[in-house]
Amino acid sequence: MSSRTNVSCLHEAKRVAIFGGTHGNEMSGITLVNMWIQNSAEIERNGLLIKPFISNPRAVEKCSRYIDTDLNRAFTPENLSAPDVEGLLYEVQRAKEINRMFGPKGSSDAYDVIFDLHNTTSNMGSTLILESSTDLFNLQMVHYIKKAMAPHTCSVLLNEHPQLKYSTTRSVAKHPVGLEVGPQPQGVLRSNVFESMRTILKHALDFIELFNSGVEFPPCTVDVFRVQERMDYPRDTNGNITAMVHPHLQDCDWEPLNRGDPVFLTFDGRTILYEGANTVYPTFINEAAYYEKQQAFTTTCREILAANAIRKAFK
Ligand SMILES: CC(=O)N[C@@H](CC(=O)O)C(=O)O
Ligand SMILES: [Zn+2]
């Protein structure tokens with residue numbers, strides 16, 4: 001069998017956007033994007049149109065996650081097709097603008113790739129977030145990034161859960177990529193987190209440049225953590241939390257959690273154990289932004305995805 005048989009030919013990826021400030025208090029992405037708006041030399045690549053962009057400028061100005069509602073949940077068909085009337089929530093209005101500039105979502109006019117830069121207060125290290133297990137371009141790109149980052153690890157979180165998936169800002173693009181780096185407190189810049197994010201972006205852009213130049217990428221596999229379940233804090237009948245993340249779980253993102261392992265410590269000193277039947281890999285443990293979303297951590301399971309060889313389609 002010829003090695004050419006199983007090569008998938010994909011469209012060139014010419015238009016690439018880098019979003020920072022989708023959440024106005026996640027400082028690494030905001031700072032990098034503002035830096036690249038001032039001087040884009042570092043992110044320029046042959047044959048690529050690259051647009052660094054602050055997605056929620058009013059939230060950035062206030063250094064808060066959002067003004068009226070979470071922008072990274074706002075790209076629903078209902079919001080994007082809502083009539084332009086006065087009195088729309090700020091982020092709904094902004095979602096419609098972003099969809100006009102970088103979309104329309106789901107159309108052939110949409111940007112090829114959007115990298116959306118986020119920070120987490122969780123100890124997740126560097127994480128790429130994918131929304132589809134069948135996007136060969138993204139799978140090959142994260143494979144390339146993981147290899148280039150070694151010996152440093154770069155985890156891949158796959159969120160294609162039918163109920164837990166949300167309508168992200170990056171979902172406007174044909175190939176949406178989230179980049180989540182932590183731990184970094186809200187409103188704070190940490191140089192190590194900033195530099196990791198910058199390095200991952202460099203490798204990502206190198207990959208796209210190589211792909212567009214006609215390089216063929218051989219078949220590969222990618223280790224991912226697939227989103228399974230959202231775990232809430234224990235609460236009283238008024239809805240107030242009654243426990244904290246247990247010290248044995250705190251900062252242990254991506255480490256196996258088994259039935260009977262401690263997960264919460266109540267304010268009166270009682271330990272609550274994990275009751276799920278199977279081993280899971282928790283992540284977003286004690287993320288500050290998720291208290292309002294009733295989420296103490298997310299469980300994931302490990303999976304190995306296979307991707308075909310790819311190269312650019314020649315017209
Ligand atoms: C901490 C944080 O903001 N995380 C992002 C994850 C993502 O981009 O999918 C969010 O909840 O929107
Ligand atoms: Zn964020």
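## A question to start

In which loop does Cys 63 lie? Cys 63 sits in the loop between α2 and α3, and that stretch of chain will come up again in this tour. Please keep in mind that the model is predicted.

## The overall picture

The protein is built from six helices and 13 strands. Its radius of gyration is 20 Å, close to the 20 Å that the globule rule gives for 315 residues, so the protein is as compact as a globular protein of that length. The C-alpha trace spans about 65 × 55 × 35 Å along its principal axes. Of the 315 residues, 53% count as buried.

An unreviewed UniProt entry annotates residues 13-208 as "domain: Succinylglutamate desuccinylase/Aspartoacylase catalytic". Within the model, that span is 34% helix and 19% strand. The C-alpha atoms at the two ends of residues 13-208 lie 7 Å apart.

## The surroundings of ligand 1

Let's turn to the ligand. There are 14 residues around ligand 1, and those that come nearest are Asn 72, Arg 73, Tyr 166, Arg 170 and Tyr 290. Sorted by class, the shell holds six charged, four polar and four nonpolar residues.

Several side chains meet oxygen atoms of the ligand. An N or O atom in the side chain of Arg 73 is 2.8 Å from an oxygen atom of ligand 1. For Tyr 166, a polar side-chain atom lies 2.7 Å from an oxygen atom of the ligand. Arg 170 likewise places a polar side-chain atom 2.7 Å from an oxygen atom of ligand 1. Taken alone, ligand 1 exposes 330 Å², and the protein buries 100% of that.

## Annotated binding-site positions

How does the record tie in with these contacts? The unreviewed UniProt entry places the feature "binding site" at Asn 72, Arg 73, Tyr 166, Ser 167, Thr 168, Thr 169 and Arg 170. These positions span 99 residues in sequence, yet no two of their C-alpha atoms are more than 10.9 Å apart, so they gather at one spot. One of them, Arg 73, is found in the loop between α2 and α3. With 23% relative accessibility, Arg 73 counts as partly exposed.

UniProt also places the feature "binding site" (unreviewed entry) at Arg 65, Glu 180 and Tyr 290. Tyr 290 has already appeared among the residues that come nearest to ligand 1. Arg 65 lies in the loop between α2 (57-62) and α3 (77-80). Is Arg 65 buried or exposed? Its relative accessible area is 9%, under the 20% cut-off, so Arg 65 is buried.

## Two buried residues on strands

His 118 belongs to strand β4, which covers residues 113-119. At 3% relative accessibility, His 118 counts as buried. Its C-alpha atom is separated by 8.3 Å from that of Met 27, although the two positions lie 91 residues apart along the chain.

Lys 312 has its place in strand β13 (residues 309-312). This lysine counts as buried, at 13% relative accessibility. The side chain of Lys 312 reaches the backbone oxygen of Asn 212 at 2.9 Å.

## Backbone details worth a look

Most residues other than glycine have a negative phi, and most peptide bonds are trans. With that in mind, here are some places to inspect in the viewer.

Which residues does a cis peptide bond join, with omega about -5°? They are Gly 103 and Pro 104, and Pro 104 is found in the loop between α4 (90-102) and β4. A cis peptide bond also joins Ala 150 and Pro 151, with omega about 10°. Pro 151 has its place in the loop between α5 (136-149) and β6 (154-158).

Cys 63, from the opening question, has a positive phi of about 50° although it is not a glycine. At 35% relative accessibility, Cys 63 counts as partly exposed. Gln 294 is a residue other than glycine with a positive phi, near 55°. Gln 294 is found in the loop between β11 (271-273) and β12 (297-307), and it is partly exposed, with a relative accessible area of 39%.

Technical notes. Residues numbered from 1 in each chain as written. Chains lettered and ligands numbered in written order. Predicted model: local features only at pLDDT ≥ 70, side-chain atom pairs only at ≥ 80, totals over all residues. Heavy atoms only, no water. UniProt positions renumbered as here; feature names shortened; annotations may be inferred. Helix = DSSP H or I, 4+ residues; strand = E, 2+ residues; numbered from the N terminus. Near = heavy atom within 4 Å. Polar contact = N/O pair within 3.5 Å; in protein donor to acceptor, adjacent residues only side chain to side chain. Areas by Shrake-Rupley, 256 points an atom, 1.4 Å probe, with all protein chains shown as cover. Nonpolar A, V, L, I, M, F, W, Y, C, P; charged D, E, K, R; others polar. Rg over C-alpha atoms; globule rule 2.2 N^0.38 Å. Buried < 20%, exposed > 50% of the residue type's maximum accessible area, 1.4 Å probe, protein only.
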